[in-house]
Amino acid sequence: MPPLMPAFAYQSGQLCCEGVAVPPLAARFGTPTYIYSRAAIRESFERLKRRLADVHPLVCYSVKANSHLRILSLMREVGAAFDIVSGGELARVLRAGARGESVVYSGVGKTRTEIEAALAAGILMFNVESEGELELLEARARALGKKAGMAIRINPHVRASTHPYVATGQTIHKFGVTKRDALALYRRAAASPDLRVRGVACHIGSQILEVEPFLKALDELIFVGEALRSQDIPVEFLDLGGGFGIRYKDEIPLDVGKLTRGLASRLKALPYRMILEPGRALVAEAGLLLTRVLYVKRNRRKNFVVVDAGMNDLLRPALYGSYHQIVPAERHGRIKLRADVVGPLCETGDFLARDREISCPRPGELLAVMTAGAYGYVQSSNYNSRPRPAEILVSGARATLIRPRESIEALMAGEVG
Ligand code: LLP
């Protein structure tokens, strides 16, 4: 079993988050519940900044990974800027006290309303993903009397080995535009009084463990940046996106030191500032999903541990076949059992683990699903009319309920019966 993340450790047989024992949190707040460590989030941001120090990047936390207001405020406090993908995320970062100039906005489907809200907020730049979007951005900027900071998101045609659903950097993917098309769009943008060319952007995918694809993508950004410079359209920022891979099971995380050396050597003597948009790497390891065992059942072929968290609470295993380590919240030293850990929903895809050796759990006991701080709560749903889980933020010896469990009544709020 790989070692647990530092934010979580056993003390006297009980799993603890910082200075708080996890099992009593279940008694106080119920399950399923997400639990995050404030110190772990802060440390992962600071560690990443330190490792990237030689390139002095603007680190824009990718809000989609975990968009809770408290976590956004924490990110702002530690000095992060923000990468958003919707009007909802814009509203969240502004509510968390972010300044518009600290926001970059990606996404292939920005609507007119979303563009107008981001213009009003004075964001740093729109990462424009199509000709149609550029036209709309220019028109809305003109109508509102604003000058829109922008980059074109290029699709660098770089392959990164990751799950196909989260690879984004090849021309079979919907994201960005080719270098050639980008150059034509930049010429139009540079000629527009309503647009301000600020950067070149890309994002090649998520949970990427190798450095090389990032460096290849950077070479493409530099190519475009230099082509623009030679045409008197200078840009300040090269935005390499996010995607820094972490360890869920036995992966070797992205070597950020090696990445930094590669970036620094390429950027030496060039006039660009890097933007990076990490999401997962800042929050995944700082969170777990606490769930209670409801039943343990066997048939002739398999064991099933039925827990009270399912695919509506944590979608990653069902959607990508993702691995999350599962450990008992109280150590008991019983023998191991090979089982599927499954939720209560009516789909075979509703599992948290398959064919997993776990310390044999009994009904009523608590399990912690680890590395769930990123793309956990944010991908939860009400499928099967299940209320969304509660969220707790731990800081030192204090646990704060930062979102109560959704009520059954709230499930139907707004419905016309
Ligand atoms: N920037 C852009 C433009 C993105 O699309 C993403 C993620 C990021 C940054 C942050 O990527 P990260 O550093 O977190 O890898 N739901 C999936 C992950 C989807 C990622 C989508 N885009 C999962 O649970 O693995």
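Student: At what angle do H6 and helix H7 pack, and how far apart are their axes?

Tutor: Two packed helices are described by the angle between their axes and the distance between the axes. In this predicted model, H6 and helix H7 (residues 179-190) pack at an angle of about 10°, and their axes lie 11 Å apart. Angles under 35 degrees count as roughly parallel, and H6 and H7 are therefore roughly parallel to each other.

Student: Which residues make the contact of H6 with H7?

Tutor: From H6 come Glu-131, Leu-134 and Glu-135, which meet Leu-185, Arg-188 and Ala-189 in H7. Divided by class, the residues of this contact are three nonpolar, no polar and three charged.

Student: How do helix H5 and helix H6 pack, in angle and in the distance between their axes?

Tutor: The pair is read in the same manner. Helix H5 (residues 112-121) and helix H6 (residues 131-144) pack at an angle of about 50°, with 10 Å between their axes; H5 and H6 are therefore oblique to each other. The crossing of these two helices, H5 and H6, is right-handed. On the H5 side the contact is made by Arg-112, Ile-115, Glu-116 and Leu-119, and on the H6 side by Leu-136, Leu-137, Arg-140, Ala-141 and Leu-144. By class, this contact of H5 with H6 has six nonpolar, no polar and three charged residues.

Student: Which residues of H5 are buried, and which are exposed on the other side?

Tutor: Burial is read from relative accessible area, with under 20% counted as buried and over 50% as exposed. In H5 the buried residues are Glu-114, Ile-115, Ala-118 and Leu-119. Seen down the axis of H5, these buried residues fall within an arc of 135°, so they line one face of the helix. Thr-113 and Ala-120 are exposed on the other side of H5.

Student: Against what do the buried residues of H5 pack?

Tutor: Their partners are helix H4 (87-95), strand E7 (103-105), strand E8 (125-128), H6 and strand E9 (148-153). Just after H5 comes Gly-122, which takes a positive phi of about 65°.

Student: Which residues are buried in helix H3, and what follows H3?

Tutor: Within helix H3 (residues 69-78), the buried residues are Ile-71, Leu-72, Ser-73, Leu-74, Met-75 and Val-78. The buried residues of H3 pack against several elements, among them strand E4 (33-37), helix H2 (38-51), strand E5 (58-62) and H4. Gly-79 follows H3, and the phi of Gly-79 is positive, near 105°.

Methods. Residues numbered from 1 in each chain as written. Predicted model: local features only at pLDDT ≥ 70, side-chain atom pairs only at ≥ 80, totals over all residues. Heavy atoms only, no water. Axes fitted to C-alpha atoms, helices over the stretch in contact; angles between N-to-C directions. Helix = DSSP H or I, 4+ residues; strand = E, 2+ residues; numbered from the N terminus. Parallel < 35°, antiparallel > 145°, perpendicular 65-115°, else oblique. Left-handed = near helix turned anticlockwise from the far one by under 90°. Contact = heavy atoms within 4.5 Å. Nonpolar A, V, L, I, M, F, W, Y, C, P; charged D, E, K, R; others polar. Buried < 20%, exposed > 50% of the residue type's maximum accessible area, 1.4 Å probe, protein only. Arc of directions from axis to C-beta.
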